Amino acid sequence: MNSSVLLQLVVMLVQLWPCSPSTQNSSPHHTVQSFTAARRVKRGWLWEPLFATEEQISPHPVYIGQLKSDLDKQDGNLKYILTGEGAGSFFVIDEYNGKIYLTQKLDREKKPFYTLRAQAINRSTQLPVEPESEFIIKVRDVNDNEPQFLDGPYVATVPEMSPEGTSVTQVTATDADDPSYGNSARLLYSLVEGQPYFSVEPTTGVIRMASQMDRETKDQYLVIIQAKDMVGQPGAFSATATVTINLSDINDNPPEFQQRLYYMSVSEEAPVGTTVGKVFAEDRDIGDNAAMDYFIEADSSDVFNIITNNETQEGIILLKKRVDYESKRRYSIQVKAVNRYIDERFLKEGPFEDTTIVKINVEDADEPPVFTLENYVMEIVEGAMRGALVGVVTARDPDDDESPVRYSIVHSSHLKRLFSINEHNGAIITTEPLDREIASWHNITVTATETRNPEKISEANVYVQVLDVNDNAPKFPKNYETFVCENAVSGQLIQSISAVDQDDSGEDHHFYFSLAQEDSNSSHFTVKDNQGKSGFSRQEQFYFYLPILIEDNGTPPLTSTNTLTVTVCDCDTEVNTFYCRYGAFMYSLGLSTEALVAVLACILIFLVFFLAIVTIRQQQQKKAPFSEKMEEFRENIVSYDDEGGGEEDTEAFDISALRTRAVMRTHKPRKKVASEIQSLYRQSLQVGPDSAIFRQFISEKLEEANTDPSVPPYDSLQTYAFEGTGSLAGSLSSLGSSSSDVDQSYDYLADWGPHFKQLAGMYSSHRTVGD
């Protein structure tokens with residue numbers, strides 16, 4: 001084992017070496033600590049355990065120990081060298097004797113130990129006489145740090161009225177001193193402020209309730225906790241922390257009315273739902289613990305109601321029924337406030353509720369008239385004469401029975417006025433007879449108005465029932481089609497009939513049927529049984545008209561005569577309805593079957609002949625095209641948008657358009673008009689028809705243009721594409737025999753009238769070249 005390893009083992013033993021009691025209790029200001037230990041021997045090295053006390057302050061280096069080689073003869077031939085952490089700064093060594101000194105103040109909380117290396121060399125040869133060895137200098141702790149509360153300030157909450165010993169919170173302080181050496185880091189907690197309500201455990205810092213506290217008395221406490229090191233011994237460092245303790249609320253207080261008697265008032269005109277007033281019961285608790293509900297007790301009239309405003313915790317008294325000053329002028333109700341959420345732990349302390357009395361006065365107001373009934377039901381028989389009494393409505397002024405009231409009926413503008421009312425006594429009469437079959441009920445709105453104050457009006461509904469009288473005779477519900485065979489036997493049923501009655505019967509309608517007296521003796525029919533002869537002859541009588549007498553069971557009974565038409569059919573016993581109707585139709589026309597067949601045959605032949613003619617003419621039209629002359633007589637009106645020189649559009653007859661030839665017109669200079677007319681004239685000579693009828697048409701058009709009074713007051717040039725030859729009026733263009741504008745004379749245009757005045761001025765021989 002080499003000397004370096006042995007030196008490390010020795011240093012470890014030094015770290016575990018127990019401290020003497022005198023050292024543990026030494027003062028932090030002790031400059032040099034004495035330490036007694038056996039000398040450590042390492043082959044070649046002799047030393048003692050090395051300690052340096054922190055915070056030592058001295059004007060001279062402080063001796064902390066010595067390193068010595070067993071080869072040292074004390075002749076100064078050996079030189080000791082110190083290297084490592086703090087060597088030369090914190091620690092120096094006497095190179096002649098190996099003594100180590102501390103030159104600066106140490107702080108254990110920054111560095112608890114230093115690792116150094118020692119070496120002894122021969123001064124003459126500068127060779128090591130001992131191998132380099134490592135050792136440790138431990139910094140011994142002194143109480144130089146105060147305790148600290150790192151988590152402060154503290155805030156805690158505990159329910160009010162919590163029992164003694166209830167844990168509130170825990171505070172913890174820390175001390176940077178060495179907890180393994182001495183009492184520098186051993187803390188002791190104490191209560192500086194907060195008695196007698198709270199206590200603190202000395203070693204743990206747990207704060208507990210020392211007594212029951214009421215939040216309503218005080219809801220917040222400031223507690224100061226002190227932590228001392230050195231187990232609280234004199235000279236120890238200390239620190240304090242503030243703990244804010246809030247008391248949370250519990251429901252330990254009942255609601256209380258501040259007023260034992262409330263006075264309120266309400267007008268008799270106030271509608272249902274009106275707020276009469278508010279009451280308030282104070283609860284010292286807060287939040288849900290102060291929530292309460294209000295109730296009304298001992299209110300037999302059930303006139304008022306109360307609700308709770310959850311935001312303000314007020315009780316709002318509402319009007320549940322209308323009040324009447326004349327009936328009752330004041331009310332007294334008892335209102336109770338009860339906590340909504342009750343803590344069963346405090347039930348033994350009494351009920352969590354309170355009551356108060358509310359007196360309410362009814363204020364008098366000018367009220368509208370009041371009807372004795374809200375709805376009246378009246379009856380009148382139908383058919384009653386105009387002015388018949390239906391019934392009487394009555395209203396009074398609740399403020400003054402002697403105050404007169406005026407009555408009226410609210411009439412709808414679109415309904416017929418059937419009733420009127422006496423404005424003084426409220427008697428309702430009819431204005432014309434009523435018919436139950438038209439309307440069995442009538443709804444009337446009657447108003448009552450104070451005479452002294454017309455703004456006070458009230459209404460009532462009157463329902464008038466029209467009672468039925470037997471004023472409608474029974475009748476057939478429909479027109480019966482009754483058929484009977486010529487060979488019908490006596491007693492055969494040919495028709496079942498019924499009747500209807502518009503009147504209202506208290507019981508089911510019952511009708512009595514019989515033949516009218518004037519027909520009962522000679523009739524072949526009876527309502528029940530025909531006792532006369534059997535069989536009928538269509539040649540003798542085709543129709544039988546039976547007057548049926550119908551009587552109802554009303555009071556008095558009414559009768560009516562209804563005619564039943566019986567048609568005799570050509571059959572034995574079974575009636576074929578279709579052929580019977582056909583025979584009746586022929587009989588009504590006065591034709592026999594043979595005659596009707598002949599008529600239908602003639603109509604059919606005529607239709608066939610007509611269709612044949614139409615078909616032949618259509619085929620001929622497809623083969624023969626329209627003649628060219630027929631096309632030429634058609635008139636086509638063409639509108640031109642060429643106005644030049646202030647002229648309006650002209651209308652011209654263009655026969656070429658009917659021949660599907662497109663006439664292309666282009667805008668040309670004014671001086672080219674004559675050549676254009678000549679070109680169109682030549683075109684008309686080539687393709688136009690030489691017809692007297694056509695020439696007559698052109699003359700008529702020209703005459704219309706000359707005599708038309710609606711044309712503008714200036715000349716208009718009308719161009720005809722086809723003027724023909726041999727016209728009595730001559731060529732309209734006067735360009736037919738000329739080859740140029742120079743050879744053509746236009747003097748005759750002056751004789752054509754005022755409509756050609758401008759044209760004559762343009763082309764006459766008197767026109768100069770400068771024009």
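A salt bridge here is a side-chain nitrogen of Lys or Arg within 4 Å of a carboxyl oxygen of Asp or Glu. The model is predicted, so local features need pLDDT of at least 70 and side-chain atom pairs count only at pLDDT 80 or more, whereas totals for chains, interfaces and linings use all residues. Residues are numbered from 1 along each chain as its sequence is written, and side-chain values use heavy atoms, leaving out hydrogens and water.

**Whole chain**

Start with everything displayed. The protein chain has nine helices and 39 strands; these are DSSP runs (helices H or I, at least four residues; strands E, at least two), numbered from the N terminus. Of its 771 residues, 35% count as buried, where buried means under 20% relative accessible area, exposed over 50%, and partly exposed in between (1.4 Å probe, protein chains only). The accessible surface is about 45800 Å², and carbon and sulfur atoms hold 52% of it; the areas come from the Shrake-Rupley method with a 1.4 Å probe, and for residues only the protein chains shown count as cover.

**Arg215, Glu216 and Asp285**

Select Arg215 and Glu216. They form a salt bridge, with the closest N and O atoms 2.9 Å apart, and both residues are buried.

Add Asp285, in the loop between strand 19 (275-282) and strand 20 (292-297). Which side chain of opposite charge is nearest to Asp285? That is Arg215, 4.8 Å away; Asp285 is buried yet has no salt bridge. For charge, Lys and Arg count as positive and Asp and Glu as negative, while His and the chain ends are not counted.

Now show Asp252 and Asn253. The Asp285 side chain reaches the backbone nitrogen of Asp252 at 3.3 Å and makes a polar contact with the side chain of Asn253 at 2.9 Å. A polar contact is a pair of N or O atoms within 3.5 Å; within protein, one must be able to donate a hydrogen and the other to accept it, and residues adjacent in sequence count only if both atoms are side-chain atoms. Leaving aside neighbours within four places in sequence, residues in contact (heavy atoms within 4.5 Å) with Asp285 include Glu160, Glu216, Asp249 and Ala290.

**A four-stranded sheet**

Next, select strands 17, 19, 22 and 21, which in that order make an open sheet with antiparallel pairing. Two strands pair if DSSP finds at least two bridges between them. The edge strands, each pairing on one side only, are strand 17 (256-257) and strand 21 (304-309). Strand 21 is antiparallel to strand 22 (residues 314-319), over six bridges, and Phe304 has Leu319 in strand 22 as its bridge partner.

Then pick Asp302 and Lys320, whose side chains meet in a salt bridge (2.9 Å, N to O). Asp302 lies in the loop between strand 20 and strand 21 and Lys320 in the loop between strand 22 and strand 23 (330-339), so the pair ties together parts 18 residues apart in sequence. Asp302 is partly exposed at 32% relative accessibility, and Lys320 is partly exposed at 39%.

**Strand 29 and strand 32**

Move to strand 29 (residues 405-410). Its covered face has Val405, Tyr407 and Ile409, and its uncovered face Arg406, Ser408 and Val410. Six bridges join strand 29 to the antiparallel strand 32 (residues 441-450); Val410 stands opposite Thr445 there.

Finish at Arg436 and Asp468, joined by a salt bridge (3.0 Å, N to O). Arg436 is buried at 15% relative accessibility, whereas Asp468 is partly exposed at 23%.
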